[in-house]
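Me: I would like to go through this structure slowly, asking at each step what justifies the words that are used. Could we begin with the pairing of charged side chains?

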Amino acid sequence: MRLIVHNMLTCNIKGVVNKFPLRIEAEKVIKKEVDFNPDFLRHMLAKIEWKALVDGARSMGYTELPDQLESEESYSFLKKFHHALLELHLEEGSLVCQETGRKFPVEKGVPNMLLHEDEV
Amino acid sequence: MKLKQLEGLLGDLQQFSNPNVELEQYPTGPHIASRMLFTAENSYGDITDKVVADFGCGCGTLSTAASLLDAACVIGYDIDLQSLETATLNAEELEVEIDLVQCDITKLELKGHQIVDTVVMNPPFGTRKKGADMEFLSAAMKVASQAVYSLHKTSTREHIKRAALRDFNAKSAEVICELRYDLPKLYKFHKRKEVDIAVDLWRFEPRQN
């Protein structure tokens, strides 16, 4: 699971208000390089929840992202954004609902968001 | 990439080893999958450099096609773990990157200022769980910011059009083409060796919020 996916996932348990973002508990993280596409990245900047990305990246061991979005989209900034958004993979771990503490397991890179019967 | 090349690559993908009839697990054949994604990109520019979601991705045929056509990011969603494992193998085999999420698409709530540009899908037709086709369409229309490509039985054409425009926030709902979906005998209850169903390839545009 990459952080671009994490930036969209919410806890959909019935009645939960604070459903986003899910906190990441990382057990195994791997890095895979992908092509750098600055146009795509600039396009994404307006759509990403920045704090969720920064916190998520930190949980996966990457601390280079600035806390605030930079107004100047320098090359070095975009490279860091690229790395955090697209090159970090959570292979094993959990996504934790901040309100209920419910853990959604991530195994072999696939988060399991299926709810139990009493959560629907 | 040429259409024939894309079709050839998709023909090498592994499909369901143990298909579950209740989930209407049928492979999307390389003929349909290649034409669907090729049209989405060449006629509408909805795939290359876009974020593409595949709802009910199964073994990842449409996801793989999107990736081969240079989508910036492809995310496949499915309820069945075994299919997702096959999708993982397929992605590795063809050396493409596909993010996968296990979930019930009808219960999923995705946030994110419309991060997803395009949804592509071959949803259940609703022959086992009534209304499943509509649930998938409704979910897709909530997530896509640019376009939804979906396959539905031609016999449901008027119903789908009405629902999309009236209930699912569609600005437009067009049948791009009619295809024949060859369903090989997958399940014991299938009497004929092969069955051929008329399906519509739809393109829906959501209204901007």
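Me: What makes B:Glu97 and A:Lys32 a salt bridge?
Reply: The closest N and O atoms of B:Glu97 and A:Lys32 are 3.6 Å apart, and a salt bridge is defined as a side-chain nitrogen of Lys or Arg within 4 Å of a carboxyl oxygen of Asp or Glu, so the pair qualifies. The pair crosses between chains, from the loop between H4 and E3 of chain B, where B:Glu97 lies, to the loop between strand E1 (23–31) and helix H2 (38–45) of chain A, where A:Lys32 lies. Helices (H or I, at least four residues) and strands (E, at least two) are DSSP runs, numbered from the N terminus. This is a predicted model, in which local features need pLDDT of at least 70 and side-chain atom pairs count only at pLDDT 80 or more, while totals for chains, interfaces and linings use all residues. Residues are numbered from 1 along each chain as its sequence is written, chains are lettered from A and ligands numbered from 1 in the order in which they are written, and side-chain values use heavy atoms, with hydrogens and water left out.

Me: Why is the pair B:Asp117 and A:Lys47 called a salt bridge?
Reply: The closest N and O atoms of B:Asp117 and A:Lys47 are 3.4 Å apart, which is within the 4 Å of the definition, and therefore the name applies. The count between chain B and chain A is six salt bridges, and a search of the whole structure finds 25 over all chains.

Me: How many residues of each chain are in contact, and what area is buried between chain B and chain A?
Reply: Contact (heavy atoms within 4.5 Å) involves 28 residues of chain B and 28 residues of chain A. The buried area, meaning the accessible area (1.4 Å probe) that two parts lose on being put together, summed over both, is about 2400 Å² between chain B and chain A, and carbon and sulfur atoms give 61% of that area.

Me: What is unusual about the peptide bond that joins A:Phe20 and A:Pro21?
Reply: The bond between A:Phe20 and A:Pro21 is cis, with omega of about -5°. Most peptide bonds are trans. A:Pro21 has its place in the loop between helix H1 (3–6) and E1 of chain A.

Me: What is the phi of B:Glu24, and where does this residue lie?
Reply: The phi of B:Glu24 is positive, about 55°, although B:Glu24 is not a glycine. Most residues other than glycine have a negative phi. B:Glu24 is found in the loop between helix H1 (3–10) and helix H2 (30–42) of chain B.
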